[in-house]
Amino acid sequence: MFGRDAREQTLARLYHRQYRRLCAVAAAVLGGDKALAQDAVQNAWLRLSAPGVRERIETKDETRLRGLLLVTVRNAARNLRRDIRELTLPEEGWAVLPDPAPGPAEAAERADAVAVLQRGLQTLPAVDHDLLLLRYGYGFSAAETAALLGMSEGAVRQRAHRARKRLRQWMEQEGYHERP
């Protein structure tokens, strides 16, 4: 196990060697702003070198440590970008943002599409109906759906693929076609 001084030195050496690359990653997230990118890299360094964090960092594997640096810089850049957006949008700016609520025509179209999908789902076997509802209606992952239905992830993916295909065929037979 490395001592505290050795751990700090290893992290500092890698940070200085990777500084340009870290700045490039941050600049990509921040739209090319080099000054903000340097701020993000410095914020990441402060996070990683903070007492309590520094002691938990494993410095023996340089590849993992480099990945930790990159992820920390990317997240610091995202946080900085979010903070800047929150600070720079004036109150009157909210008025020019589009209303995310659908209009009456879009709402009616969506209601029709939902009704068609519900009828189509009723034509599927119960397991496939439940699987599609869990995966796409409730947003569960394949692993979560597999655990809930008592099957493997591979089976969930395969059954979902086949169920979507059957649903698509039913919709085409009923005269509903995919949009271009």
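Read along the sequence, this protein goes α-α-α-α-α-α-α-α-α, with nine helices and zero strands (DSSP runs, H or I of at least four residues for helices and E of at least two for strands, numbered from the N terminus). It's a predicted model, where local features need pLDDT of at least 70, side-chain atom pairs count only at pLDDT 80 or more, and totals for chains, interfaces and linings use all residues. Residues are numbered from 1 along each chain as its sequence is written, and side-chain values use heavy atoms, with hydrogens and water left out. Of the 180 residues, 27% count as buried (under 20% relative accessible area, 1.4 Å probe, protein chains only).

**Helix α3**
- The 15 residues of α3 (residues 34–48) should span 21 Å at 1.5 Å a residue (times one less than the number of residues), and the end C-alpha atoms agree at 21 Å apart.
- Its buried residues are A37, A40, V41, A44 and L48.
- They sit on the same side of α3, because they cover an arc of only 100° around the axis (taken from the directions from the helix axis to the C-beta atoms).
- At the start of α3, a side-chain oxygen of D33 comes within 3.1 Å of the backbone nitrogen of A35.

**Largest pocket**
- The largest pocket has a volume of about 790 Å³.
- A pocket here is an open set of points on a 1 Å grid where a 1.4 Å probe fits, with protein on both sides within 12 Å along at least five of seven lines; lining residues have an atom within 4 Å of a point.
- The volume is the space filled by probe spheres set on the points, which are joined across faces, edges and corners.
- Its lining has 23 residues, with A113, V116, L117, L167 and M171 nearest the centre.
- α6 gives the largest share of that lining, nine residues.

Key: Buried means under 20% relative accessible area, exposed over 50%, partly exposed in between (1.4 Å probe, protein chains only). A polar contact is a pair of N or O atoms within 3.5 Å; within protein, one must be able to donate a hydrogen and the other to accept it, and residues adjacent in sequence count only if both atoms are side-chain atoms.
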